[in-house]
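Welcome, and please open your viewer. We will take the stops one by one, with something to select at each.

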Amino acid sequence: MNEKEIVLSGIRATGNLHLGNYYGALRNFVKMQDDYDCLYFIADLHALTTNPDPAALHENVKNILAEYLAAGVDPDKANIFVQSDVPEISEMYLLLNMHVGIGELLRTTSFKDKARKQLGISSNDDKDIESQVIGSESNKRVNAGLLTYPTLMAVDILIQKAHKVPVGKDQEQHLELTRRFARRFNSFYNVDIFPEPENFNFGHNAVKVPGLDGSGKMGKSEGNCIYLVDEEKVLRKKVMRAVTDEGPKEPGQPISEPVQNLLTLMELTTAPEIVQSYRDAYADCSIRYGDMKKQLAEDILKVTTPIRERYKEIRADEAYIGKVVRQGAERARERASKTLEEVRKAMGIIRFY
Ligand code: ADP
Ligand code: TRP
């Protein structure tokens with residue numbers, strides 16, 4: 001009777017969740033749980049690629065779990081688990097790495113960005129990052145786990161044979177690699193083990209939530225985040241401080257990037273006719289950024305306040321969140337161990353005694 005398509009997604013345990021995580025991923029986790037067979041996990045092994053403090057990592061796993069639940073992921077509908085509770089993932093990661101090229105990993109955008117940051121190379125310096133990584137001093141090493149991050153992510157997806165993966169725009173290259181690895185494995189061993197997964201956002205393009213600092217995306221490492229658990233005062237302050245421009249000088253002039261970013265956030269949180277009224281006000285030079293920001297803060301708070309309130313309750317109940325992931329791990333392991341057996345068999349790793 002299990003005809004529903006499999007959905008899988010995860011978020012790294014690197015800090016509290018922000019609006020980018022919410023609109024890029026978590027909101028869809030909730031919206032998909034009635035119609036699909038959903039598995040949502042906390043990627044603690046992926047967090048290790050940037051060598052976090054162990055105590056902070058452990059807390060972050062519980063924080064994100066509580067945030068999933070507070071945002072409305074229902075453990076009776078979706079399967080929630082912690083990545084490291086499924087050791088089959090680590091084994092398959094080793095196996096899949098045998099079919100992944102070092103070159104294709106070195107060329108992955110997320111790897112190049114993170115490696116650049118670690119080596120202290122500025123982001124507009126596009127010189128040969130690959131040879132810099134290879135030639136870097138041991139005190140500045142870029143670890144192999146960071147390089148093989150896409151293999152681990154592909155395994156998360158493929159081991160559950162997922163069809164749909166709700167993630168933000170920044171993850172699309174990783175999904176492209178996952179599809180490539182799936183095809184490569186199937187065809188190398190002449191098997192049909194893995195479906196090719198795709199991003200999913202209810203027929204819309206993948207989301208990229210901007211930061212409020214004028215350019216780029218909202219991200220933990222960018223330091224420009226509005227967190228789901230930000231207290232009201234803090235949140236209002238962040239929005240009121242958002243970068244804008246000096247105001248339109250001529251009617252109909254193109255909208256500047258910082259103002260467009262505010263409008264993009266508004267499109268996610270605010271009624272369409274109100275967003276349009278601010279677009280019109282920009283076009284006829286009557287826009288007042290103070291009013292616009294107040295409106296935006298109000299509308300964001302409508303989304304985040306109930307989540308923040310539930311979060312506090314859920315986070316305090318460790319016995320409950322522990323129960324949720326214990327159950328979740330069982331089901332995730334069941335599916336994962338079946339796939340792992342198929343993979344081992346295809347590769348000739350077969351116990352004969
Ligand atoms: P961060 O980039 O803050 O470290 P993660 O990499 O852990 O966050 O992202 C977890 C999920 O949230 C992914 O699905 C990712 O695509 C999504 N996400 C993160 N930031 C954004 C953003 N600014 N806009 C849209 N989606 C985002
Ligand atoms: N790489 C994702 C991120 O940074 C997190 C992630 C790990 C993931 N494994 C995944 C997302 C599998 C979807 C499916 O956000």
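Which backbone atom lies 2.9 Å from an oxygen atom of ligand 1? Select Lys 220 to find out: a backbone N or O atom of this residue is the partner. Before going further, keep in mind that you are looking at a predicted model.

**Stop 1: around ligand 1**

Stay with ligand 1 and add Lys 217 to your selection. Here the side chain takes part, with an N or O atom 2.9 Å from an oxygen atom of the ligand. Now select Gly 20, where a backbone N or O atom lies 3.1 Å from a nitrogen atom of ligand 1. How much of the ligand's own accessible area does the protein cover? Taken on its own, ligand 1 has 540 Å² of accessible area, and the protein covers 95% of this.

Next, show the whole shell around ligand 1, which holds 18 residues. His 18, Gly 168, Asp 170, Val 209 and Met 218 are the closest of them. Sorted by class, the shell has six nonpolar, seven polar and five charged residues.

Try colouring the secondary structure now. Strand E1, residues 6–12, and helix H1, residues 19–32, each give at least two residues to this shell. Which element gives the most? That is H1, with four residues.

**Stop 2: around ligand 2**

Move on to ligand 2 and select Tyr 149 with it. A polar side-chain atom of Tyr 149 lies 2.7 Å from a nitrogen atom of the ligand. Add Asp 156, and you will find a polar side-chain atom of this residue 2.7 Å from a nitrogen atom of ligand 2. Arg 12 comes next: a polar side-chain atom there lies 3.5 Å from an oxygen atom of the ligand. Alone, ligand 2 exposes 360 Å², of which the protein buries 91%.

Widen the selection to the 13 residues around ligand 2. Those that come nearest are Gly 10, Tyr 149, Met 153, Asp 156 and Gln 171. The shell consists of seven nonpolar, four polar and two charged residues. Strand E1 turns up again, since E1 and helix H9, residues 149–158, each supply at least two residues here.

**Stop 3: the largest pocket**

Where does ligand 1 sit? Ligand 1 is in the largest pocket, and the space taken by ligand 2 is the largest pocket too. Show a surface to look at this pocket, which holds about 1,400 Å³ of space. It is lined by 49 residues, and Arg 12, Lys 114, Asp 170, Gln 171 and Lys 217 are the closest to its centre.

By class, the lining has 15 nonpolar, 22 polar and twelve charged residues. Several elements supply at least two residues each, among them strand E2, residues 37–43, and helix H10, residues 172–188. Select helix H6 for the largest share of the lining, seven residues.

**Stop 4: the largest cavity**

A last idea before the final selection: rolling a probe the size of a water molecule over the atoms shows where empty space is left. How many cavities of 30 Å³ or more are there? The count comes to one, and the largest cavity holds about 40 Å³ of space.

To find this cavity, select the residues that line it: Ser 110, Phe 111, Lys 114, Leu 146, Leu 147, Tyr 149 and Pro 150. Helix H6, residues 109–119, helix H8, residues 144–147, and H9 each give two or more residues to the lining. H6 has the largest share here, with three residues. In this lining, five residues are nonpolar, one is polar and one is charged.

Two residues are worth another click as you finish. Tyr 149 lines the largest cavity and is among the residues that come nearest to ligand 2. Lys 114 lines the cavity and is one of the residues closest to the centre of the largest pocket.

Notes:
Residues numbered from 1 in each chain as written. Chains lettered and ligands numbered in written order. Predicted model: local features only at pLDDT ≥ 70, side-chain atom pairs only at ≥ 80, totals over all residues. Heavy atoms only, no water. Near = heavy atom within 4 Å. Polar contact = N/O pair within 3.5 Å; in protein donor to acceptor, adjacent residues only side chain to side chain. Areas by Shrake-Rupley, 256 points an atom, 1.4 Å probe, with all protein chains shown as cover. 1 Å grid on protein atoms, 1.4 Å probe; cavity = no way out; pocket = protein on both sides within 12 Å on 5 of 7 lines; lining within 4 Å. Sits in = over half its atoms within 2 Å of the grid points. Nonpolar A, V, L, I, M, F, W, Y, C, P; charged D, E, K, R; others polar. Points joined across faces, edges and corners; volume = space filled by probe spheres on them.
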